[in-house]
Each structure stands twice: as C-alpha cells, then as structure tokens.
Amino acid sequence: MNVGKLLVAVCLCAMFALPATAGVSVSSPGSGSTSASPVHFVATASSSACAKGVSAMGIYTAPGKLAYKVNGAKMDTYLAMSNGTYNVVVQEWDNCGWSATAPLTLTVNGSSSGSGKTFSNLQKSGGWTGYALLPPSFGICSSCTSGGSKVSWSWIQGVSSPSMDGISTKSSYKGGTTQWADILWNNHLIGDFSSQGLPDFSKTLAPSLHNFTYDVYFWVGNVNDSQALEFDINQFVNGKSYIWGHECRIGIAGAMWDTWSNPGQHWVKSGVACNPISNAWNHLTINVQRTSDGHLLFHTITLNGKTATLNRYDTPTATNWYGITVNYQIDSNVNKTPYSVYLDKFTFTAQ
C-alpha cells in the first residue's frame with residue numbers, strides 16, 4: 001500500500017466533506033445551559049465556498065432525529081422538548097453539497113414560566129358562534145341566522161355516532177338560496193370575549209405564546225360534498241393580527257392545501273395534496289409559530305399520519321383586537337346539497 005497516496009486521499013475526502021469556510025453559529029441556547037420548554041433556538045449559517053449559498057438548517061435533538069428544518073441561512077424557532085439532557089446538533093446544508101454542524105449540550109427543565117395552555121375537547125366546549133359568509137366578498141352576513149333562507153346551518157354537540165368517544169359535534173351546511181355560501185364557526189379562547197375564563201386583562205398571557213398546535217379528528221360521509229374545509233389559528237397581540245389560515249380545497253382548484261396571505265388577503269397555493277377519506281375519521285394536526293421577530297411561520301400540516309413541511313413566512317397586519325381565537329369552516333356544495341362534518345378530540349395547544 002502506498003501510504004502517501006492514502007494520506008492524500010484521506011485529506012481530500014476531509015476537505016470535500018467540510019470546507020473551512022462553512023460554519024454554524026448558535027446564539028441561543030448556549031451549550032451547557034438549562035432551558036425551559038419551548039426552547040428558543042437562534043442560529044445562522046454561512047458557506048462562502050458555495051456561491052449559491054446556504055440551502056437549509058436543521059435541529060437534531062438525538063442522532064438521526066431531525067426535529068426541525070428551515071430553508072435558508074437563518075433559524076429562529078421555539079421547539080417543544082421534554083425534560084432531560086440532550087446532545088443537540090444544529091446543522092446547515094448549502095447548495096453545493098457542503099455541510100457543517102454545531103453540537104451543544106442542553107438540559108430542559110420545566111415549561112416557560114408555566115404560560116403554556118392546552119384546551120381539550122373543544123368540540124364540546126361553549127363559546128362557538130356560527131356565521132354565514134356570502135359572495136361576492138365573503139364577509140360575515142350580519143342579517144343571516146342559522147335558520148334563514150339565504151343559507152342555514154347547525155352545530156349539534158354531544159353526538160354519539162359517528163364518534164370516537166361519545167361526545168363528537170355535528171356541524172352542518174343545510175343549504176339555502178345562496179349557492180356559494182360558507183359557514184364559519186369561531187371561538188375566543190384567550191383575551192377579548194374569552195369563553196374559557198381567560199380574559200387576560202393584564203395583556204401578558206397572549207403575547208407570551210408563540211407556538212400553536214391545532215389538533216382535530218373530522219369525519220365526512222362523502223368528502224366530495226364539500227368545496228373546502230378550513231382550519232384557522234388567530235392571534236391578536238401588540239396591535240398586530242396574525243392569521244394562520246389553512247384550507248383543504250377538495251372540490252375547487254384541486255385537492256390541495258392553501259394557506260392565507262395576511263397582507264395580500266388571498267390564498268397561497270402550497271403544492272401539498274389534501275385528500276381526506278370518506279366515511280372515516282381523519283386526523284389533522286397543524287403547527288404554526290409567531291417568530292421572535294414578529295412574523296408568521298406556517299410550519300407543518302399532518303393529515304392521517306403524513307406530514308408536509310411548509311415553512312412559509314408571512315407578515316401580520318394591524319388590528320384593534322386582542323387575544324387568541326380558533327376558527328373552523330365548511331364551504332358549500334356545488335349543488336347546494338346539505339352535508340355534515342363531525343368533529344372529535346379537538347385539542348388546541350399554545351406555548
């Protein structure tokens with residue numbers, strides 16, 4: 001064996017695996033520190049050897065466990081983590097095939113100031129108010145009632161079948177003279193008009209919450225009866241409106257997820273398929289975040305065990321409202337045919 005050639009080969013391999021000009025800088029959390037959950041990760045990456053720049057960054061909370069990934073050379077996220085000690089690796093990948101890592105040891109102990117809130121079985125909770133949205137503007141119809149002729153709807157709680165636990169809720173579009181009417185249900189959880197006993201008069205709770213999870217099971221006899229199903233998370237703090245709107249477009253524009261543009265006031269195509277199953281319980285989990293620099297992050301959508309990572313950022317708009325609300329909406333059938341959607345095990349978590 002030629003030792004010289006072997007050494008050259010090893011050196012070349014090392015050089016191509018990680019150039020000296022590629023690196024990751026983690027400003028939060030510090031290595032060896034103790035943090036409450038959710039943990040605030042802030043990091044940047046560089047790779048001057050690659051003219052195309054950094055492609056993405058990620059957080060490994062254990063070997064082979066990629067807990068978070070974002071496109072670009074900047075990372076600013078809150079990550080929910082269980083108590084314990086972790087050997088975390090923050091990694092960057094550039095567009096030339098280079099990669100660099102920054103390892104750190106982290107102890108997680110407790111939750112951030114105990115401010116996290118979880119609302120369970122929201123489908124049977126009080127506080128739900130239904131509204132009709134009529135074309136062409138699809139604003140709220142102030143004169144419409146649930147039994148009106150333009151469009152009618154119902155919200156029936158404590159349904160035993162179909163149900164996963166005997167307490168599902170039946171939401172129904174019941175037709176009417178308006179062909180394209182939609183029905184929106186809204187619940188104020190924290191802040192103004194709170195249905196959960198959390199008026200937050202000091203206005204300290206809602207601003208402390210950054211990470212939100214909308215988790216629900218829904219059942220439709222024939223999913224093609226619906227034009228679309230919509231699931232929204234809304235936060236109004238510091239004079240800003242953050243609306244994370246998610247629409248599963250079933251009967252219009254293809255079976256696809258769209259997300260809401262706050263400043264543009266229109267839907268943005270995600271390219272992610274949305275194909276719920278008829279006559280079965282569908283499990284939906286949505287994860288979003290208000291970033292530390294005041295932007296919206298549409299993070300992930302998981303439907304029936306399949307997760308799509310969006311990582312789309314958006315900008316808030318101005319508002320006088322205060323608090324946190326959730327929305328749920330069903331859109332009309334093309335033929336104005338009545339149909340129902342059942343909800344169960346509806347959980348919302350704010351951290």
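The following legends describe an overall view and several close-up views of a predicted model.

**Figure 1. Overall view of the predicted chain.** The chain contains one helix and 25 strands. Along the principal axes, its C-alpha atoms fill a box of roughly 85 × 45 × 40 Å. Of its 351 residues, 48% count as buried. Among contacts with a separation of 6 or more, 65% are between residues 24 or more positions apart. The accessible surface of the chain comes to about 15,700 Å², and carbon and sulfur atoms account for 53% of that area. The side chains include 19 positive and 17 negative ones, and the centres of these two sets lie 3 Å apart.

**Figure 2. Close-up of S171 and its polar partners.** S171 belongs to strand 13, which spans residues 168-173. The residue counts as buried because its relative accessibility is 0%, below the 20% cut-off. Its side chain takes part in a polar contact of 2.7 Å with the side chain of Y328. A polar atom of the S171 side chain also lies 2.7 Å from the backbone oxygen of V341.

**Figure 3. Surroundings of S171.** When residues up to four places away in sequence are not counted, S171 touches S154, W155, W185, Y328, I330, Y339, S340 and V341. Two of these neighbours, Y328 and V341, also supply the polar partners shown in the preceding figure, Y328 through its side chain and V341 through its backbone oxygen. A45, by contrast, is 126 residues from S171 in sequence, and the two C-alpha atoms are 47 Å apart in space.

**Figure 4. Close-up of the largest nonpolar core, with F231 at the focus.** This core has 56 residues, of which Y214, F231 and F348 touch the most other members. Strand 25, residues 339-350, gives the most to the core, with six residues. Apart from neighbours within four places in sequence, F231 is in contact with Y214, V216, F218, W244, G245, H246, W257, L284, I286, N327 and Y328. Y328, listed here as a contact of F231, is also the residue whose side chain forms a polar contact with that of S171. In soluble globular proteins, nonpolar side chains tend to be buried together.

**Figure 5. Close-up of V108 in the second nonpolar core.** This separate core comprises 22 residues, including V88, A102, L106 and V108. V108 is located in strand 8, residues 99-111. With a relative accessibility of 2%, V108 counts as buried. Its contacts, leaving aside neighbours within four places in sequence, are S35, A36, S37, V39, M81, S82, N83, G84 and Y86. One of these residues, S82, is 26 residues from V108 in sequence, with a C-alpha to C-alpha distance of 6.8 Å.

Notes:
Residues are numbered from 1 along each chain as its sequence is written. This is a predicted model: local features need pLDDT of at least 70, side-chain atom pairs count only at pLDDT 80 or more; totals for chains, interfaces and linings use all residues. Side-chain values use heavy atoms; hydrogens and water are left out. Helices (H or I, at least four residues) and strands (E, at least two) are DSSP runs, numbered from the N terminus. Buried means under 20% relative accessible area, exposed over 50%, partly exposed in between (1.4 Å probe, protein chains only). A polar contact is a pair of N or O atoms within 3.5 Å; within protein, one must be able to donate a hydrogen and the other to accept it, and residues adjacent in sequence count only if both atoms are side-chain atoms. Contact means heavy atoms within 4.5 Å. A nonpolar core is a set of buried Ala, Val, Leu, Ile, Met, Phe, Trp, Tyr and Cys residues joined through side-chain atoms within 4.5 Å. Accessible areas come from the Shrake-Rupley method with a 1.4 Å probe; for residues, only the protein chains shown count as cover. Lys and Arg count as positive and Asp and Glu as negative; His and the chain ends are not counted. The place of a charge is taken as NZ of Lys, CZ of Arg, CG of Asp or CD of Glu.
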